[in-house]
Amino acid sequence: MTVGDLPYMSYQVSNEEAVRNAGDFIQAGMDAVKVEGCMVERVKAICDAGIMVMSHLGLTPHTRAKLGGYRVQGKTADQANVILDQALRLQDAGCTFPVSYTHLRAHETGRNLVCRLLLEK
């Protein structure tokens, strides 16, 4: 499977632009597209167009400056729960791959994240 990483600002402006740009990636041979952050409306629009979506949560390289650089996200239970909530909202919107687990710290909430997403799928 090939996943095309939609560039910054190629999907943030509108649902229509997100679908058009994601469609360009599929026409170029990608099987799915990746977006960053909890952009539920955009993800739903892309999924409704029949395109599989991976959404990268936690450390998001496109917006790393806003996060203070490359820093591990989800260090506390509260932060991990925010990421979990985002992943579940994206999953409900149709996201095929709702989260990147790699940026969560290994504490109970992080372990529960994987279990809850698998059980609810």
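**Two helices crossing**

Mentor: Helix 1 and helix 2 sit oblique to each other (neither under 35 degrees, nor over 145, nor 65 to 115). This is a predicted model, where local features need pLDDT of at least 70 and side-chain atom pairs 80 or more, while totals use all residues. Residues are numbered from 1 along each chain, and side-chain values use heavy atoms, without hydrogens or water.

Trainee: How do I read a pair like that, and at what angle do helix 1 and helix 2 cross?

Mentor: Two packed helices are described by the angle and the distance between their axes. Here the axes (lines fitted to C-alpha atoms over the stretch in contact, angles from 0 to 180 degrees between N-to-C directions) of helix 1, residues 15-27, and helix 2 come within 9 Å and cross at roughly 50°.

Trainee: Which residues of helix 1 and helix 2 meet?

Mentor: N15, A18, V19 and A22 from helix 1 meet E41, R42, A45 and I46 from helix 2. Contact means heavy atoms within 4.5 Å.

Trainee: Is R42 buried or exposed?

Mentor: R42, in helix 2 (residues 40-48), has a relative accessible area of 13%, so R42 is buried (under 20%, with a 1.4 Å probe and protein chains only). Beyond neighbours within four places in sequence, R42 touches Y11, Q12, V13, S14, N15 and A18.

Trainee: And how many helices and strands does the protein have?

Mentor: Four helices and three strands (DSSP runs: H or I, at least four residues; E, at least two; numbered from the N terminus). Along the sequence they run β-α-β-α-β-α-α. Of the 121 residues, 41% are buried.

Technical notes
Buried < 20%, exposed > 50% of the residue type's maximum accessible area, 1.4 Å probe, protein only.
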